[in-house]
Structures are given as C-alpha cells and as structure tokens.
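User: I would like to learn how to read a model like this one. Please take me through it feature by feature.

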Amino acid sequence: MPVALLTMSHSPLLEHANPPEEVAEAVQGAFAEAREFVTQFDPDLIINFGPDHYNGFFYDLMPPFCVGFAAVGTGDYNSFDGELNVPTEIAQDLAQYIIDQDLDTAISRRMEVDHGAVQPIEIMFGERVAELSVIPVFVNGLAKPFMRMARVRKLGDAVGAFVKEHLADKKVLFIGSGGLSHEPPVPQWATATEEQRKFLLEGRHPTPEARAAREANTIAVAKAFAAGEADIRDLNPEWDAAFMDICRSGELERFDAFTAEDMAEEAGRSSHETRTWVAAFSALRAAAGTYDVTYEFYRPIREYIAGFGVMTAKEA
Ligand SMILES: O=C(O)/C=C/c1cccc(O)c1O
Ligand SMILES: [Fe+2]
C-alpha cells in the first residue's frame with residue numbers, strides 16, 4: 001500500500017509580497033520539487049490536514065478536529081472557492097474509525113475550507129483541485145484552547161491506521177498545511193475589540209468590503225514586518241529546525257512534550273498550525289511503519305510572515 005506525505009507552510013502573501021528574487025525563486029524551486037514528488041506518486045486519495053483562520057470555523061462552535069464529508073472553498077485571498085470532490089462514504093468510515101479509537105472528532109456535511117487548507121493542493125495540482133479525491137480534516141491551529149499535542153499525534157495515528165486497514169488498494173497522500181513559526185495579524189479573543197469578537201464569533205461569509213479590508217491589513221503588516229516595523233512576534237528559525245528534526249526522526253512522541261503556551265511564546269501564536277504536520281507525519285508512520293523524508297526546504301521569510309518549510313516523505 002503506497003503512502004506518501006507533503007507538509008508545507010502556506011501563506012496568502014505568496015501572491016502579495018515581494019521578497020528578494022533569490023528567496024522567491026527558492027520557494028518556487030521547493031514547490032517544483034514537491035510537485036514532482038506528488039505528481040510521480042499520483043494519489044488516488046488525499047487526506048488533507050488543514051487549519052482555518054476564522055473563515056470556516058468560528059467561536060460559536062469551535063471543534064478541535066473535524067472530518068469533512070463534503071466541503072467548499074471559502075475563496076479568501078483568492079483561494080479555491082468551489083466544491084471539493086470528497087468521497088463521502090470513505091470520510092464517514094474514517095470518522096467512525098477515529099471515534100472507535102476513543103478519539104473525538106466533529107464532522108461536517110458542508111465544511112468550509114480556507115486558504116490554509118487548500119493552498120498546498122492548489123500549488124501542487126493547479127486546475128485539478130476540484131477533480132481530486134480529497135478528505136479534509138480540520139485541525140484547530142488558531143483558536144484557543146488547544147488540544148494537547150499527544151492528542152493530535154493520536155488523531156494522525158488513527159487516520160493512518162484506517163488507511164492501512166481499509167484503503168490498502170489506494171495510493172494515499174497525507175498533506176499537512178501550515179506553520180512553522182509565525183504570527184500573522186489574526187485577532188485573538190482575549191485581546192479583541194467588541195467588533196473583532198463579533199467577527200470571531202460569527203464572521204462567516206464576510207462582505208467583499210470586510211474581506212478586502214482584512215486582506216489589505218495582512219498585506220500591510222507583512223510589509224511592515226519585512227521592514228522590521230511590525231508589532232508581531234518574530235520568526236524563530238531555531239524552533240523551526242528543531243521541529244523539522246523531529247518530523248525527520250520519526251520519533252513523533254517527542255512532540256507530546258510541546259505545550260501550547262511554549263509554542264506561542266517561542267514560535268508565535270500561529271505556530272499551532274504545525275499541528276497539521278504532526279497529524280500528517282503520525283498518519284504516515286501509522287500507515288507505512290517507517291518512512292524516509294525525501295525532500296526538505298526551509299527559509300524564514302518575513303515578507304510571507306512564515307518560517308517557510310516544505311517536506312516530502314514516503315514509506316521506507
Ligand atoms: O488569515 C489571515 O488573514 C492571514 C493568514 C496568514 C498570513 C501569513 C501566514 C499564514 O500562514 C497565514 O495563514
Ligand atoms: Fe495560516
């Protein structure tokens with residue numbers, strides 16, 4: 001049963017910022033390497049661990065995990081805004097399997113997925129996004145409170161065991177989207193204004209004006225950050241390197257010692273997006289036994305507000 005993995009940072013600023021040419025080219029080179037890998041693998045099914053940035057999930061009901069039985073892109077930052085081709089029956093069986101492992105997951109029969117979930121698929125597969133078979137699995141990476149990392153690892157474990165037991169005839173690609181160290185200007189409940197709280201609570205389907213204002217603010221903050229003038233936590237290449245070391249090592253239980261507080265303090269509030277990587281690597285390990293990392297890339301890129309990492313791996 002062939003299984004493979006792609007984990008990568010995403011950033012809506014890829015289309016809106018101008019890092020030095022050498023940096024932009026290096027990122028595009030990393031995408032080309034990863035694209036070659038996933039194209040060669042040619043998955044029958046993608047299980048996509050993705051976060052959300054208050055486009056699909058809000059504080060009126062914020063699950064730690066959610067398996068999509070059907071899904072539609074929100075189109076934020078010009079990301080994919082159509083329906084994903086979700087194999088509903090397999091997604092239902094997956095959710096049942098996860099629950100049977102004594103883990104709790106929400107389900108959605110109409111999950112809304114934002115740039116954080118779909119950008120890697122778009123970059124890798126271009127126009128084919130709508131035709132590919134994709135099960136989206138939301139992993140909360142932005143909204144406190146956070147699950148313990150061990151729980152995220154176990155979610156991935158359950159997903160990988162399901163693939164091994166029930167999808168042995170399929171080529172499955174696990175994707176984890178997000179991270180690494182970064183802290184884009186997304187409001188936090190604890191410090192939010194009344195207006196921001198209203199958005200965090202029920203901001204689904206914003207007006208075009210509200211969406212444009214949010215995007216313009218992110219672009220402006222990224223510009224200021226690159227100039228050393230933004231009031232957001234800096235990237236942390238040492239933290240990112242240590243994180244990628246664990247991914248490479250296969251000793252994923254080492255993530256269990258990560259605490260939500262330390263992650264935010266050391267690597268920024270959105271470093272919680274790395275939970276998608278933990279789930280994806282754990283799924284790969286459970287499905288494959290052992291794995292080899294076949295490619296990796298890293299650059300701290302302030303213009304993208306991202307400790308920007310890419311890794312591919314496959315069963316050893
Ligand atoms: O949701 C937003 O407004 C900003 C998102 C963002 C910015 C930079 C890096 C990321 O990973 C993001 O998701
Ligand atoms: Fe993000």
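Analyst: Start with burial: a residue is buried if 20 or more other C-beta atoms lie within 10 Å of its own, exposed if 12 or fewer, and partly exposed in between, with C-beta atoms placed from the backbone. By that count, buried residues make up 48% of the 316 residues in the protein. This is a predicted model, in which local features need pLDDT of at least 70 and side-chain atom pairs count only at pLDDT 80 or more, while totals for chains, interfaces and linings use all residues. Residues are numbered from 1 along each chain as its sequence is written, and chains are lettered from A and ligands numbered from 1 in the order in which they are written.

User: How many helices and strands does the protein have?

Analyst: Helices (H or I, at least four residues) and strands (E, at least two) are DSSP runs, numbered from the N terminus. Here there are nine helices and 10 strands.

User: How do I read the sides of a helix?

Analyst: An α-helix has 3.6 residues a turn, so residues three or four places apart point the same way. Take H6, residues 208–226. Arg214, Thr218, Ala222 and Phe225 are its buried residues. They span an arc of only 75 degrees around the axis (from the directions from the helix axis to the C-beta atoms), which puts them on the same side of H6. Exposed residues on the other side of H6 include Pro208, Glu209 and Ala212. After H6 comes Gly228, with a positive phi near 80 degrees.

User: Which residues of H3 are buried?

Analyst: H3 covers residues 115–125 and is mostly covered, eight of its 11 residues being buried. Among them are His115, Val118, Ile121 and Met124. Gly126, just after H3, has a positive phi of about 55 degrees.

User: What is Val27 in contact with, beyond its neighbours within four places in sequence?

Analyst: Two residues are in contact if their C-beta atoms, placed from the backbone, lie within 7 Å. Outside that window, Val27 contacts Arg299 and Phe308. Val27 belongs to helix H1, residues 21–41, and is buried, with 22 other C-beta atoms within 10 Å.

User: Which residues are closest to ligand 1?

Analyst: A residue counts as near a molecule if its C-beta atom, placed from the backbone, lies within 6 Å of it. For ligand 1 that gives 14 residues, the closest being Ser11, His53, Pro184, Thr218 and Ile305. Thr218 is also one of the buried residues of H6.

Terms used: Expected span 1.5 Å × (residues − 1).
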